[in-house]
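Here are some short exercises to work through with the model open in your viewer. Try each task before reading its solution.

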Amino acid sequence: MAKKYVCTVCGYVYDPDKGDPDSGIEPGTAFEDLPGDWTCPECGAPTDAFEAA
């Protein structure tokens with residue numbers, strides 16, 4: 001099971017097993033492999049605002 005990451009701004013959980021299809025992120029995409037311009041789909045925070053859950 002892949003490690004999940006939580007947005008410290010709004011609480012959104014990025015689950016690598018689900019990805020972020022609305023943003024073009026395929027299921028199975030590790031957090032570390034997200035594109036540099038990916039942001040939280042809920043609040044727009046950058047990846048450095050996330051921490052491991």
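The exercises below treat a predicted model, beginning with a charged residue and moving on to aromatic rings.

**Exercise 1.** Find where D20 lies and work out whether D20 is buried or exposed.

*Solution.* Start with the chain: D20 sits in the loop that runs between strand 2 (13–14) and strand 3 (50–52). Next, check accessibility: D20 is buried.

**Exercise 2.** Which side chain of opposite charge is nearest to D20, and how far away is that side chain?

*Solution.* The nearest candidate is K18, 11 Å away. A salt bridge requires a nitrogen-to-oxygen distance within 4 Å. D20 has no salt bridge. Now look at what does touch D20: setting aside neighbours within four places in sequence, the contacts are Y12, Y14, I25, W38 and P41.

**Exercise 3.** How many aromatic pairs does the structure hold? Describe the one formed by Y14 and F31.

*Solution.* There are five aromatic pairs. Among them, Y14 and F31 are tilted, with 6.0 Å from centre to centre and 55° between the planes. This pair joins distant parts of the chain, since Y14 belongs to strand 2 and F31 to the loop between strand 2 and strand 3, 17 residues apart. Both rings' residues, Y14 and F31, are buried.

**Exercise 4.** Repeat the analysis for W38 and F50, then place both in their aromatic cluster.

*Solution.* W38 and F50 make a tilted pair at 5.5 Å centre to centre, with 50° between the planes. W38 lies in the loop between strand 2 and strand 3, while F50 is in strand 3, 12 residues apart. Both W38 and F50 are buried. Finally, the cluster: Y5, Y14, F31, W38 and F50 form one aromatic cluster.

Note on methods:
Residues numbered from 1 in each chain as written. Predicted model: local features only at pLDDT ≥ 70, side-chain atom pairs only at ≥ 80, totals over all residues. Heavy atoms only, no water. Helix = DSSP H or I, 4+ residues; strand = E, 2+ residues; numbered from the N terminus. Buried < 20%, exposed > 50% of the residue type's maximum accessible area, 1.4 Å probe, protein only. Lys, Arg positive; Asp, Glu negative; His and termini not counted. Contact = heavy atoms within 4.5 Å. Phe/Tyr/Trp six-rings, centres within 6.5 Å; stacked < 30°, edge-to-face > 60°.
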